[in-house]
Amino acid sequence: MYTTAHLRLRAYTIADLPFLLGLLNDPEVAKWIHEDFLIPRGPTHIAKIQENADRALAYFIVEELPSATGVSAPPQAPLGVTGLAPLSSTMNRNATFFIVLAQHGWGHGYGKEITRFMVDYAIVCLGMHRVSLTVFEGNERAKKCYTDVGFVEEGRHRKMMWIDGDWRDTFSMGILDTEWREIRQ
């Protein structure tokens, strides 16, 4: 388990699977995270979620830390999930970063906090040489977050995604270990 200023990143458990399935079934979340048709996913899709989690280099459930006021509050639903997937062979030390936040986690700066932690974790702890990601046109909040953390746009696929009745581009972004070490100083 890891913590940042406001968040806890922990291993997923079987109890988290309904939450993860719920992310895929929220159309406002799902349209930004995968290239498939937006269709309801049933319990049979849980096996695919588990398979993806098991294949990842890192796979964390993100939760808000309890209030610093000391007042105990009832546990809240997780904020989302984040992780690193091997780009191809781990020999080349490349990883693909992913993050999925539930709507109640949007607009609080958690995305940037998670992204910073995950890039640092990938490069410093796992020894990755580069971290890559894909972001869809129209998800400006995510693209700004990634740029603010230090990701650089490396490519664009024109009119690649059908989102909300319109063709959208996808952007490939990446950050190298040397760039991250400069940013950390």
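Let me start with a cut-off: buried means under 20% relative accessible area. Keep that in mind for the charged residues. One caution as well: this is a predicted model.

First, the overall fold. The chain has six helices and eight strands. In sequence order, the pattern runs β-β-α-α-α-β-β-β-α-β-α-β-β-α. The radius of gyration is 16 Å, close to the 16 Å that the globule rule gives for 185 residues, so the chain is as compact as a globular protein of that length. Along the principal axes, the C-alpha atoms fill a box of roughly 45 × 45 × 30 Å.

Some totals. Of the 185 residues, 44% count as buried. Take the contacts between residues at least 6 apart in sequence: 64% of them join residues at least 24 apart. The chain exposes about 10400 Å², and carbon and sulfur atoms supply 55% of that area.

Now charges. There are 19 positive and 22 negative charges in the chain, and their mean positions are 2 Å apart. How many salt bridges does a search of the whole structure find? The search gives 10. I will take three of these pairs.

Pair one is Glu63 with Arg8. The closest N and O atoms are 3.0 Å apart. Glu63 sits in strand β3, residues 58-64, and Arg8 in strand β2, residues 7-11, so this pair ties together parts that are 55 residues apart in sequence. Is Glu63 buried or exposed? Its relative accessible area is 16%. The cut-off for buried is under 20%, so Glu63 is buried. Arg8, at 21% relative accessibility, counts as partly exposed. This pair also belongs to a network: salt bridges link Arg8, Arg10, Asp16 and Glu63.

Pair two is Asp148 with Lys112. Here the closest N and O atoms are 3.0 Å apart. Asp148 belongs to helix α5, residues 140-149, and Lys112 to helix α4, residues 110-125, so the bridge ties together parts 36 residues apart in sequence. Asp148 is partly exposed, with a relative accessible area of 34%. Lys112 is partly exposed too, with 26%.

Pair three is Arg184 with Asp120. Their side chains meet in a salt bridge at 2.6 Å, N to O. Arg184 is in helix α6, residues 177-184, and Asp120 is in helix α4, so the pair ties together parts 64 residues apart in sequence. Arg184 is partly exposed, and its relative accessible area is 48%.

Next, a charge without a partner. Asp177 lies in helix α6. Asp177 is buried, yet it has no salt bridge. Which side chain of opposite charge is nearest to Asp177? That is Arg93, 4.3 Å away. A salt bridge needs the nitrogen within 4 Å of a carboxyl oxygen, so at 4.3 Å this pair does not qualify. The two residues are still in contact: setting aside neighbours within four places in sequence, Asp177 is in contact with Arg93, Ile123, Met128 and His129.

Stay with Arg93 for a moment. Arg93 lies in the loop between β4 and β5. It is partly exposed, with a relative accessible area of 40%. Its phi is positive, about 55°, although Arg93 is not a glycine. Why flag that? Because most residues other than glycine have a negative phi. Asp164 is a further case: its phi is near 50°, a positive value in a residue other than glycine. Asp164 is found in the loop between β7, residues 152-163, and β8, residues 166-176. At 55% relative accessibility, Asp164 counts as exposed.

Now to helix α1, residues 17-25. Which residues of α1 are buried? They are Leu17, Phe19, Leu20, Leu21, Leu23 and Leu24. The cover over these buried residues includes α2, α3, β3, β4 and β5.

Last stop, Pro78. Pro78 is in the loop between β3 and β4. At 12% relative accessibility, Pro78 counts as buried. Pro78 and Leu23 are 55 residues apart along the chain, and their C-alpha atoms are separated by 11 Å. Not counting residues up to four places away in sequence, Pro78 touches Arg10, Asp16, Phe19, Ile61, Val62, Glu63 and His104. Among those, Arg10, Asp16 and Glu63 appeared earlier, in the salt-bridge network with Arg8. Phe19 came up as a buried residue of α1.

That is the tour. Thank you.

Notes: Residues numbered from 1 in each chain as written. Predicted model: local features only at pLDDT ≥ 70, side-chain atom pairs only at ≥ 80, totals over all residues. Heavy atoms only, no water. Helix = DSSP H or I, 4+ residues; strand = E, 2+ residues; numbered from the N terminus. Rg over C-alpha atoms; globule rule 2.2 N^0.38 Å. Buried < 20%, exposed > 50% of the residue type's maximum accessible area, 1.4 Å probe, protein only. Contact = heavy atoms within 4.5 Å. Areas by Shrake-Rupley, 256 points an atom, 1.4 Å probe, with all protein chains shown as cover. Lys, Arg positive; Asp, Glu negative; His and termini not counted. Charge placed at Lys NZ, Arg CZ, Asp CG, Glu CD.
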